[in-house]
Amino acid sequence: MLSSSLAQQLQADLKGATVLTPGSEGYEESLKRWSETAEKRAGAVAQVTTAEQVATVISFARKHHIEQVVRGGGHGTNGASSSEGGIVIDLSKMNGVTVDPDNMTIAAGGGCLWKDVDEAAADYGLAAVGGTVNHTGIGGLTLGGGYGYLTGRHGLVIDNLLKVKLVNADSEIVTASPEEHPDLFWALRGAGASFGAVVEFTYRAHLQREPVWAGMAVFPLDKLTPIVKFANDFALSANADASFNFGFTTPPHAPGPMLVTLGFYNGLGKEGKRIFAPLFEAGPVFQNFGPMPYCKVNGLLEESAGHGGRKVIGGAACATPFAPEFYEEIKKDLLAFIDEVPAAKESLLVFELVHHGKVQEVDGSATAFANRGPYYNAVCMTKWNDPKDDDKCRDFTFRLKEKVSEHLIKTSDVNAESVGKYLNYNDLTDGRSDQMFGSHDEKLVALKLKYDPTNVFNKWGAVTAAAVEQNHGYNTMNLKPRQIAVE
């Protein structure tokens, strides 16, 4: 717990940075997160602007045995970017973006949101592989692997990551890339923030055609069979420039749950219309497909995935061909839960069909990311308002994502090289890093002992002191082992 005298000392040490403490202007706002379940009352929030200031906070926290956490976009649901009584290193002011069109690179501060990157790149006719919700922080999405609308053509975000600048557990500012600290760079690409506080990411940029063709279409629940058929046909087309999401939620202003779809084609409307014509034949009650700038596509989910409310995320994987009867069963599970907890009607379950050919071109051993299989992501985001429903909502999310995972295991080849789990969608985990990283786990634990033996970075990502002790039977850490958390 940070005392008031230590908070004053921290402010004195952090010249040029703002340190917010309980009662100071801006403190309450600084605690806000995407999900209210992730909000905690920090002893201090250090709004840093330089890598040197980040290093000062990490050194200060270690010296005084105070918990420190890093906040990028604050978009997780398990509170890993928050601290009860400790110090939050808030990177939100480190949000500058530098686009180098000659070298086709984009350098972005660790506090950037994808909206910052998308808009800066668009000014040069470029794009980076990013996420699908533009108010997500770049840090969490990148370090967990990173899927987006351009993944089918260009691969994961980490496959387009050229280097990072980070502050390590010893408060040193280092660069990790294929040339410098290559083993650390390997771990950072997929294993979360277990190895340092990343203050700058440098991505490969790609020429981006404008406009693209995208939009959403909403259907009544009785259209599930034709939507599943379209999804199966879409997957067979293996179009690297197109993606398709479908799932269940209650859209804004709708009276109850419906089938919601989102389509994207990275090209002209004529071809986009051809690809999605069978979808429209199913008879949507609403659709807004049309040409738009690429940087606007990541805003399509702004309202349905907006800030506020209590949320929890659980992830799984799925494979085609989709069986309509299984998805009918899933639909019934969701409807029964909403009947039990009516305030959770905005919860959603979405299946994301992003062509995985480019992802699988990268050898499974090339990065720490262990989910390069021939399948797609599924995400369950349960949303509610009353803390009394916390346990019900968490239990339902866990059961639903496990049901989808078990279905994948029955129908597909899931193994240690391709585990069928996506770190960024697994806020609910049993704490076993070998399940998240498969055959990479042993190497990751060795690198954790090399780069962070005192477990300074223990809040997000499964490679923690608890993982070392649990999976290998010993504990060399100075700090008390914690339950493994994933954000």
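User: Why does F322 count as buried?

Analyst: F322 has a relative accessibility of 4%. Buried means under 20% relative accessible area, exposed over 50%, and partly exposed in between (1.4 Å probe, protein chains only). So 4% puts F322 in the buried class. A quick heads-up: this is a predicted model, where local features need pLDDT of at least 70, side-chain atom pairs count only at pLDDT 80 or more, and totals for chains, interfaces and linings use all residues. Residues are numbered from 1 along each chain as its sequence is written, and side-chain values use heavy atoms, leaving out hydrogens and water.

User: And what makes F351 buried?

Analyst: Its relative accessibility is 0%, which is under the 20% limit, so F351 is buried.

User: How many aromatic pairs are there in the whole structure, and why is the one between F322 and F351 called tilted?

Analyst: The search turns up 28 aromatic pairs. In the F322 and F351 pair, the centres are 6.4 Å apart and the planes meet at 55°. Rings of Phe, Tyr and Trp (its six-membered ring) pair if their centres lie within 6.5 Å; planes under 30 degrees apart are stacked, over 60 edge-to-face, and the rest tilted. The distance is within the limit and 55° falls in "the rest", so the pair is tilted.

User: What makes this pair a link between distant parts of the chain?

Analyst: The two residues are 29 residues apart: F322 is in the loop between β17 (310–318) and α11 (324–340), while F351 is in strand β18 (residues 348–354). Helices (H or I, at least four residues) and strands (E, at least two) are DSSP runs, numbered from the N terminus.

User: Why is the F326 and Y327 pair called edge-to-face?

Analyst: Those rings sit 5.3 Å centre to centre, with 90° between the planes. That angle is over 60, so edge-to-face it is. Both F326 and Y327 are buried. They also belong to one aromatic cluster whose members include F322, F351, F289 and W213.

User: How do you know that K311 lies over the face of W34?

Analyst: K311 is 4.4 Å from the ring centre. A charge sits over a ring if NZ of Lys or CZ of Arg is within 6 Å of the ring centre and within 35 degrees of the ring normal. K443 lies over the face of W186 too, at 3.9 Å from the ring centre.

User: How do you know that the buried residues of α13 line one face of the helix?

Analyst: The buried residues are D390, C393, F396, T397, L400, K401, V404, S405 and L408. Seen down the axis, they fall within an arc of 160° (taken from the directions from the helix axis to the C-beta atoms), so they line one face. On the other side, D391, R399, I409 and K410 are exposed. The buried residues pack against β17, α11, β18 and β19 (376–384).

User: What does helix α9 span, set against a straight helix?

Analyst: Helix α9 (residues 269–280) spans only 14 Å between its end C-alpha atoms, whereas a straight helix of 12 residues would span 16 Å. The expected span is 1.5 Å times one less than the number of residues.

User: Which residues of α9 are buried, and why are they said to line one face?

Analyst: G272, I275, F276 and L279 are buried. They fall within an arc of 75° seen down the axis, so they line one face of the helix. The face turned away from them carries the exposed residues K270, K273 and R274.

User: What makes F289 buried, and what does F289 touch?

Analyst: F289 has 12% relative accessibility, under the 20% limit, so F289 counts as buried. Contact means heavy atoms within 4.5 Å. Leaving out residues up to four places away in sequence, F289 touches, among others, W213, F276, L279 and F280.

User: Why is G357 called partly exposed?

Analyst: Its relative accessible area is 23%, between the 20% and 50% limits, so G357 is partly exposed. G357 is found in helix α12 (residues 357–361).

User: What makes Q53 buried?

Analyst: Q53 has a relative accessible area of 8%, under 20%, so Q53 is buried. This residue is in helix α3 (residues 51–63). Leaving aside neighbours within four places in sequence, Q53 is in contact with L14, K15, G16, A17 and V48.
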